[in-house]
Amino acid sequence: MTENIWGYQPTAGHTAGTSLIGYKVEATDGSIGKVDKHSDDVGSAYLVVDTGVWIFGKHVLLPAGTIIRIDAEEQKIYVGRTKAEIKDAPEFDKEKHLGDPGYHDQVGGYYGGHRA
């Protein structure tokens, strides 16, 4: 089910236009980093997460559909994936992300096929 992977789930609690930069990101089994960038674009909403030392400074692209809940008070975002699933995801590539729809298909296919 990848058709909705690039959109926020209605139950996630996201308000369009709200900045999520700096929010902590929690996988189902622990913290994975902080939001470096995000987008509310319809059909291509996402988070770019700076994993810090957890995956040696790697950035990961998380489609908005992976978000279970956003806690604005605690500034935390909960995603329905394990740390291992996120670590094994296709690496974030800024150049491909901006101009390669096939890259979005690859990332969306990866997360769409992995359900928590």
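**Exercise 1. In which loop is Q75 found? Place this residue and describe its backbone.**

The model is predicted: local features need pLDDT of at least 70, side-chain atom pairs count only at pLDDT 80 or more, and totals for chains, interfaces and linings use all residues. Residues are numbered from 1 along each chain as its sequence is written, and side-chain values use heavy atoms, with hydrogens and water left out.

Step 1. Q75 sits in the loop between β5 and β6. Strands here are DSSP runs of E with at least two residues, and helices are runs of H or I with at least four, numbered from the N terminus.

Step 2. Check the pairing. β5 (residues 67-71) and β6 (residues 76-79) are antiparallel, over four bridges. Pairing requires at least two DSSP bridges between the strands. I70 is opposite I77 in β6.

Step 3. Identify the motif. The two strands form a hairpin with four residues between them.

Step 4. Read phi. Q75 has a positive value of about 55°, although it is not a glycine. Most residues other than glycine have a negative phi.

Step 5. Classify exposure. Q75 has a relative accessible area of 42%, so it is partly exposed. Buried means under 20%, exposed over 50%, and partly exposed in between (1.4 Å probe, protein chains only).

**Exercise 2. Which backbone nitrogen does the side chain of D71 reach?**

Step 1. D71 lies in strand β5. Its relative accessibility is 14%, so D71 counts as buried.

Step 2. The D71 side chain reaches the backbone nitrogen of E74 at 2.9 Å.

Step 3. List the contacts (heavy atoms within 4.5 Å). Not counting residues up to four places away in sequence, D71 touches Y23, K76 and Y78.

**Exercise 3. Which residues of the largest nonpolar core touch the most other members?**

Step 1. Define the set: buried Ala, Val, Leu, Ile, Met, Phe, Trp, Tyr and Cys residues joined through side-chain atoms within 4.5 Å.

Step 2. The core has 30 residues, and L47, L62 and I77 touch the most other members. At least two residues each come from β1 (24-27), β2 (30-39), β3 (46-50), β4, β5, β6 and α3.

Step 3. Expand I77. Beyond four places in sequence, its contacts include L20, V25, V35, L47 and I70.

**Exercise 4. Which residue caps the N-terminal end of α3?**

Step 1. D100 is the cap: a side-chain oxygen lies 2.9 Å from the backbone nitrogen of G102.

Step 2. List the buried residues of α3: Y103, H104, V107, G108, Y110, Y111 and G112.

Step 3. Their cover includes β4 (59-63), α1 (83-87) and α2 (94-99).

Note on methods: Polar contact = N/O pair within 3.5 Å; in protein donor to acceptor, adjacent residues only side chain to side chain.
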